[in-house]
Amino acid sequence: MLAFDKFGYRVLLTIFDVVDDTREVSNRVFSELVLLTKNANPEDQRNRIIELVHHQTGHVVLGYPFIGTNRKLLFPKDISFMNNIREIRTSKKAHETRQSELIQAISPVCLQAIESRPQDIIQSGFGCLIITEVMLNGTGEKAPALEAMAQTATGDALDDSHPVKFPSYGKMIK
């Protein structure tokens, strides 16, 4: 899968920034990336999202529609690469419109993963970043996912395995 490739993820980021037909991107890219199909098993979708969230380059592809070319997601060389792509693209659709349509397509499956498996996602800084950005920039009903995130904070905060001990979790909660 390109999302897990050392350089292949850049191809997907370029598709997100260049292709005007966001419905086609959803059908072709998101169907492979997060199994966004009509007959997909929801548990398989959640597993795929968790796999992407914890991968070195997979989290970039998953988070890019929500975050864009921000330093908290991309390395400077990747930001430069994407800025070069934006300079030469000949798109009819505004970047903000394209980004909003991609977010609308992928938000529901991300929110469902956060709602059903928050403990698995918060295990890494990448996961906490994705949760934060989906909750801030995603579309759809966020209340169940927020409730699930609140449940992760329950328990004995002095216990070494409590999520409050993870630096990225504390930053996300703030």
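Biologist: Which residues is Ile122 in contact with, leaving aside its neighbours within four places in sequence?

Modeller: In this predicted model, Ile122 is in contact with Cys128, Ile131, Met149, Thr152, Pro163, Phe166, Tyr169 and Met172, once neighbours within four places in sequence are set aside. Ile122 itself lies in the loop between α7 and α8.

Biologist: What makes you call Ile122 buried?

Modeller: Its relative accessible area is 0%, and buried means under 20%, so Ile122 qualifies. As for distance along the fold, the C-alpha atoms of Ile122 and Thr69 are separated by 23 Å, with their positions 53 residues apart along the chain.

Biologist: Two of those partners, Cys128 and Ile131, make me curious about α8. Which residues of α8 are buried?

Modeller: Gly127, Cys128, Leu129, Ile130, Ile131, Glu133, Val134 and Met135 are the buried residues of α8. Their cover includes α3, α4, α6, α7 (118-121), α9 (143-151) and α10 (167-173).

Biologist: How do you know that the length of α8 is close to what is expected?

Modeller: The helix has 13 residues and reaches 18 Å from its first C-alpha to its last. The expected span is 1.5 Å times one less than the number of residues, which comes to 18 Å for α8, close to the reach in the model.

Biologist: Next, α4. Why is helix α4 described as mostly covered?

Modeller: Helix α4 spans residues 58-67, and 10 of its 10 residues are buried. They are Gly58, His59, Val60, Val61, Leu62, Gly63, Tyr64, Pro65, Phe66 and Ile67. These buried residues pack against α1, α2 (22-33), α3 (42-53), α5, α6 (95-116) and α8 (125-137). After α4 comes Gly68, with a positive phi near 75°.

Biologist: Now the helix pairs. What makes α1 oblique to α5?

Modeller: The axes of α1 (residues 9-18) and α5 (residues 76-88) come within 10 Å and cross at roughly 40°. Under 35 degrees would count as roughly parallel, and 65 to 115 as roughly perpendicular. The crossing falls in neither range, so α1 is oblique to α5. Their crossing is right-handed.

Biologist: Which residues of α1 and α5 meet?

Modeller: On the α1 side they are Tyr9, Arg10, Leu13, Thr14, Asp17 and Val18, and on the α5 side Lys77, Asp78, Phe81, Met82, Ile85 and Arg86. The contact divides into six nonpolar, one polar and five charged residues.

Biologist: At what angle do α1 and α6 pack?

Modeller: They pack at about 115°, with axes 8 Å apart. Phe16, Asp17 and Val18 in α1 meet His95, Arg98 and Leu102 in α6. That contact holds three nonpolar residues, one polar and two charged.

Biologist: How do you know that Arg48 counts as buried?

Modeller: Arg48 lies in helix α3, and its relative accessible area is 18%. The cut-off for buried is under 20%, so Arg48 is buried. Beyond its neighbours within four places in sequence, Arg48 is in contact with Met1, Glu32, Leu33, Val34 and Leu35. The C-alpha atoms of Arg48 and Thr154 are 26 Å apart, at positions separated by 106 residues along the chain.

Biologist: Why, then, is Leu35 called partly exposed?

Modeller: Leu35 has a relative accessible area of 22%. Buried needs under 20% and exposed over 50%, so Leu35 belongs in between, as partly exposed. This residue sits in the loop between α2 and α3, and its phi is near 55°, a positive value in a residue other than glycine.

Biologist: One more pair, both in α2. What makes Ser26 count as buried, and what makes Ser31 count as buried?

Modeller: Ser26 has 11% relative accessibility and Ser31 has 14%. Each value is under 20%, so both are buried. Not counting residues up to four places away in sequence, Ser26 touches Ser31 and Ala105, while Ser31 touches Ser26, Leu36 and Thr37. Between the C-alpha atoms of Ser31 and Gln45, 14 residues apart along the chain, the separation is 9.8 Å.

Methods:
Residues are numbered from 1 along each chain as its sequence is written. This is a predicted model: local features need pLDDT of at least 70, side-chain atom pairs count only at pLDDT 80 or more; totals for chains, interfaces and linings use all residues. Side-chain values use heavy atoms; hydrogens and water are left out. Axes are lines fitted to C-alpha atoms, for helices over the stretch in contact, and angles run from 0 to 180 degrees between N-to-C directions. Helices (H or I, at least four residues) and strands (E, at least two) are DSSP runs, numbered from the N terminus. Angles under 35 degrees count as roughly parallel, over 145 as roughly antiparallel, 65 to 115 as roughly perpendicular and the rest as oblique. A crossing is left-handed if the near helix is turned anticlockwise from the far one by less than a right angle, and right-handed if clockwise. Contact means heavy atoms within 4.5 Å. Ala, Val, Leu, Ile, Met, Phe, Trp, Tyr, Cys and Pro count as nonpolar, Asp, Glu, Lys and Arg as charged, and the others, Gly among them, as polar. Buried means under 20% relative accessible area, exposed over 50%, partly exposed in between (1.4 Å probe, protein chains only).
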